[in-house]
Amino acid sequence: MDALLKLLKKNARESDATLAKELNTTTEDIRARIATYEQEGVIRAFQAILNEDRLDTTDVRAVIELRIRPEREGGFDRVASRISKFPQVESMFLMSGAYDLLLFVKGGSLQELANFVSGRLAPLDGVLSTATHFMLKTYKDQGVLMESEPHDDRLQVCP
Amino acid sequence: MTTVSKSARDFIAPHVRGLPKSGIRDFFDIVAGRKDVLSLGIGEPDFKTPWHIREKAIASLERGATRYTSNLGTPELRQALAAYMRQSFHAEYDWKSEILVTVGVSEAFDIAIRAILSPGDEVLYHEPCFVAYAPLIRMAHGVPVAVETFRKDEFRLTVEELEKKVTPKTRVLMINFPNNPTGATLDKKDTESLADFVIRHDLILISDEVYSELTYEGGRHSMASIPRLRDRLIFLNGFSKAWSMTGFRLGYVCAPAPLTDAMMKIHQYCMMCASSTSQIAGLEALQNGEADIAEMRESYNLRRNFIVSSLNGMGLDCFMPRGAFYVFPSIQSTGLTSQEFALRLLNECNVACVPGTAFGTCGAGFLRCAYATGMDQLKEAMDRLSAFIKSL
Ligand SMILES: Cc1ncc(COP(=O)(O)O)c(C=O)c1O
């Protein structure tokens, strides 16, 4: 992976000037490269990673394992694409193994998610079965620990 | 007859009494206890020890693997070290007789120098350098002879300077590249000419290569890769910097069997063996830790680029070092001494950098900045430094 992408993955808010210094280049070059990645669809968005457990919300999150029937033309893609458009679906992957799609979903309440599964997902043409697991606590998300280890416990000056 | 009993101080051996306290220590005392100090004065990695290494150590404690090991170190670790030496430096060392596991490079240097020095022997070492060498040479009743290195040479050690200081009493050349505090490295032609010098004067070479894994742009040329030095090389290395394992206190020394045996005699009486937990952790680092080094190196590399560009941008001359995690900018353009600069920077901006003079008199006019610290702190430190320079 391009070093620029790695840095942005780590901290998308890093200034162009700092990125330029780290990568021994100019801010213009950094801006141009980011613009190109956006145009090419490599960079899809810049988002913050939150510890949602610390937010004062009643949101409920779950993973759903979905088995679907592949279609003669298009395989899983058409059904998958329809499912992915529901705003409740935060992430979604085609999987190998016992089920086909893995969904990460979020809803305002347990009831809302239950309705979503029984009322919207399960009845969809091509959906064979669903298995819903509610999330209880987040330890790590997208490579980020939710509880950091103590920050810097080194001596202030040492040889 | 009146007897005047001795005070505690009187019991201290004269050569210990005469030892100066380390300049780092002085500076530490000034910084200690202050709040909100941004420190570029820390000579150790900021990364946590990689988790798989810590996990191995924890598992070994759960198993109860807490016994003395062989004095030389566990066979598994020594075998892994022999493989590492072969792979990294094309150097062949027999794990049974030529590799000794130590409590850090610190102990390795101590037993090396004690094993070879007779009272009055002279040891050539280059300054600016790590603070432990000269005192440990004195403790071994040797005579430390400093050889200067210069900004114009990007702090490489030159044979020209060595020739000025070598005498019939010189027994040892002690070198450290990649270098703390300058970040200097050696090229192939440098290692070759140093090897020639050592052989020409029939010396023994001690090479502290504790930063060997932290090199950028081909800055890695080891003395261990020079076959004609093999019989007169004591090679020191450790886990502190490569795997961010400073507190594990684990190092090793590779040397011809008779020398290893001599060092082993001292080690077995004063240390017995390195910590068994640390040796298990070290083995894990060697076996499964290549990716850790690559990742940390890449991160240091970005910070190095950032800090060198920032320092030069504010008018502090600084060459692009190719090793370790230090930069050594000149502050001569400010008209302040290293000590004044460091103190004022601390007092006025709460940024700690170590004055170059802590590493030898020829460090005057320079500052050691360690960039083994998070980008956020580095950025803030550079902003404060820049404001400080403008205020002068
Ligand atoms: C050049 C050099 N040698 C040796 C050491 C000590 O290493 P260890 O932790 O292996 O004793 C250091 C630590 O700062 C160092 O910079």
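Here is a walk through the structure, from the two chains to the ligand they surround. Keep in mind as you look around that this is a predicted model.

Let's start with chain A. Chain A is built from five helices and six strands. If you trace the elements from the N terminus, they come in the order α-α-α-β-α-β-β-α-β-β-β. So much for the parts list; what about the overall form? The C-alpha trace of chain A spans about 65 × 40 × 30 Å along its principal axes. A compact globule of 159 residues would have a radius of gyration near 15 Å, but the value for chain A is 21 Å.

Now turn to chain B. Here you'll find 13 helices and twelve strands. Measuring along the principal axes, the C-alpha atoms of chain B fill a box of roughly 65 × 60 × 55 Å. Does the globule rule of thumb agree or disagree with what we see in this chain? For 392 residues, a compact globule would come out with a radius of gyration near 21 Å, and chain B has 21 Å, which agrees.

With both chains in view, let's look for the ligand. The ligand sits in the second largest pocket. Which chains supply the residues around it? The ligand is surrounded by residues from chains A and B, so the site is shared between chains. In total, 15 residues surround the ligand, and the closest are B:Val105, B:Ser106, B:Asp208, B:Ser240 and B:Lys241. By chemical character, the residues of this shell split into six nonpolar, six polar and three charged. Among the structural elements, helix α5 of chain B, covering residues 104-116, gives the most to the shell, with three residues.

Zoom in a little further and you can pick out some individual contacts. At B:Val105 the backbone does the work: one of its N or O atoms lies 2.7 Å from an oxygen atom of the ligand. At B:Ser106 the side chain takes part instead, with an N or O atom 2.6 Å from a ligand oxygen. B:Tyr211 also uses its side chain, placing an N or O atom 2.8 Å from an oxygen atom of the ligand. How much of the ligand does the protein bury? Taken alone, the ligand exposes 400 Å², and the protein buries 94% of that.

Definitions and conventions. Residues numbered from 1 in each chain as written. Chains lettered and ligands numbered in written order. Predicted model: local features only at pLDDT ≥ 70, side-chain atom pairs only at ≥ 80, totals over all residues. Heavy atoms only, no water. Near = heavy atom within 4 Å. Polar contact = N/O pair within 3.5 Å; in protein donor to acceptor, adjacent residues only side chain to side chain. Areas by Shrake-Rupley, 256 points an atom, 1.4 Å probe, with all protein chains shown as cover. 1 Å grid on protein atoms, 1.4 Å probe; cavity = no way out; pocket = protein on both sides within 12 Å on 5 of 7 lines; lining within 4 Å. Sits in = over half its atoms within 2 Å of the grid points. Helix = DSSP H or I, 4+ residues; strand = E, 2+ residues; numbered from the N terminus. Nonpolar A, V, L, I, M, F, W, Y, C, P; charged D, E, K, R; others polar. Rg over C-alpha atoms; globule rule 2.2 N^0.38 Å.
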